[in-house]
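This report looks at a few selected parts of one protein model. Please have the sequence and the 3D view open while reading.

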Amino acid sequence: MTSAQSITLPPDPSESWWPYVVATIVAIISMIRAYMGGKTYKSDKTLQGKVVIVTGANTGIGFEVASDMALRGAQVVMACRNINSAQAAAAKILKICPAALLDVQELDLASLQSVVDFVQKLTHSNVNILILNAGVVFHPFALTEDGFETHFQVNYLGHFLLTRLLVSRMCTTPGARVISMTSQSHFAADICLHDLNLQINYSARRAYGQSKLALLLMTRYLGLMLQDTNVNFLAVNPGLVRGTKHVSSSPVLRESLLIGLAMRPLMWMFMKSPKQGSQSVIYAALDPELEEIRGAYICDCDVSEPSSLATDKKLAADLFERSLSLVAAKAMAAGLSQVWKTENNGL
């Protein structure tokens, strides 16, 4: 009796190609995410003995920047509107770095008095790095207690006053830097000097863009004005960042649950994480090559060109003078009139 011979069947074509397709798709997605994530700034620079102030340090990019500065040994002042959230964020940083030097302070940029109170309570005689990160976006029209449109005051005017009140300390600090958080939206923005509250033709998108352009104009103006002092001014566009209140507040995501769910995978693929978004801020704060580049606009860890309107010197000067007049009364009433004129800094 002849034994049965085993028969080897050819591989099923339907089972041979799909692993390669899956691998290719995964590779393409990985490449897209890596590209959209931007550059990672690598530096072993330490900040022992340095004081770093980060506004809005409790969430998003601000939290990532505060964490990085703390890991480098800096004394980090977490200037936040929500103290409970700021303390919770500080606790997270301490879990990562038990030796972190953190100082949680209340700062509500929607109140110019809160800005003054913050500066008066600040015990540090020198400030090495000031990061103007906090902000709002897509906020419905509303006036602050000081009578200014919310985007304009929270994103710009409050930070303008904060910078003005701290600049005298920073001008005496070698290597000091002020870093403003702007955005791509400034390219489509304008400054409405005759109606800064945009009451005639308001839209949240327009108000947000104006506030970010204003920050960039301030940065470039002060960078040139104070070019002979120790302090430099830099503006950073962190790119599109997911997982922030700016994204969650988008009208597109809030329009319907279905649209929001459909957008999530695209956001995951094409937008940066807060940590990735923080890289250009960290670069602006630390990179030695930026020491002599005054008023630079930074994208993806590199110096870039802003909009033509952002380089308009007359517009920058007009906005600066107007901003001075809007906040001077508050500072002078608080007994801080001396900050409006300091020796040898042109202010």
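The sections below go through one loop residue and then a set of neighbouring topics on strands.

## Basis

The structure shown here is a predicted model.

## Asn 58 in its loop

Asn 58 sits in a loop, with β1 (51-55) on one side of that loop and α2 (60-71) on the other. Its relative accessible area is 16%. The cut-off for a buried residue is under 20%, so Asn 58 counts as buried.

The side chain of Asn 58 has a polar contact, at 2.9 Å, with the side chain of Ser 85. Ser 85 also appears among the contacts of Asn 58 when neighbours within four places in sequence are left aside; the others in that list are Phe 63, Cys 80, Ala 86 and Ala 89.

## Strand β6 and its cover

Strand β6 covers residues 232-237, and six of its six residues are buried. This holds for both faces of the strand. On one side lie Asn 232, Leu 234 and Val 236, and on the other lie Phe 233, Ala 235 and Asn 237.

## Partners of β6

Strand β5 (residues 177-181) runs parallel to β6, and five bridges join the two. Within this pairing, Asn 232 of β6 has Arg 177 opposite to it. Helix α6 (residues 204-225) belongs with these two strands: β5, α6 and β6 make up a β-α-β unit, and that unit is right-handed.

Strand β7 (residues 296-299) also pairs with β6 in the parallel sense, here over four bridges. One bridge partner pair is Val 236 and Ile 298, the latter in β7. Both of these residues are buried, Val 236 in β6 and Ile 298 in β7.

## Strand β7 and the hairpin

Like β6, strand β7 is covered on both faces. Ala 296 and Ile 298 are buried on one side, while Tyr 297 and Cys 299 are buried on the other.

Which way does β8 run relative to β7, parallel or antiparallel? Strand β8 (residues 302-304) is antiparallel to β7, and three bridges join them. Tyr 297 of β7 has Ser 304 of β8 as its bridge partner. Together β7 and β8 form a hairpin, with two residues between the strands. In the turn, Asp 300 has a positive phi of about 50°.

Methods. Residues are numbered from 1 along each chain as its sequence is written. This is a predicted model: local features need pLDDT of at least 70, side-chain atom pairs count only at pLDDT 80 or more; totals for chains, interfaces and linings use all residues. Side-chain values use heavy atoms; hydrogens and water are left out. Buried means under 20% relative accessible area, exposed over 50%, partly exposed in between (1.4 Å probe, protein chains only). A polar contact is a pair of N or O atoms within 3.5 Å; within protein, one must be able to donate a hydrogen and the other to accept it, and residues adjacent in sequence count only if both atoms are side-chain atoms. Contact means heavy atoms within 4.5 Å. Two strands pair if DSSP finds at least two bridges between them. A crossover is right-handed if, with the strands pointing away from the viewer, the path from the first strand over the helix to the second runs clockwise.
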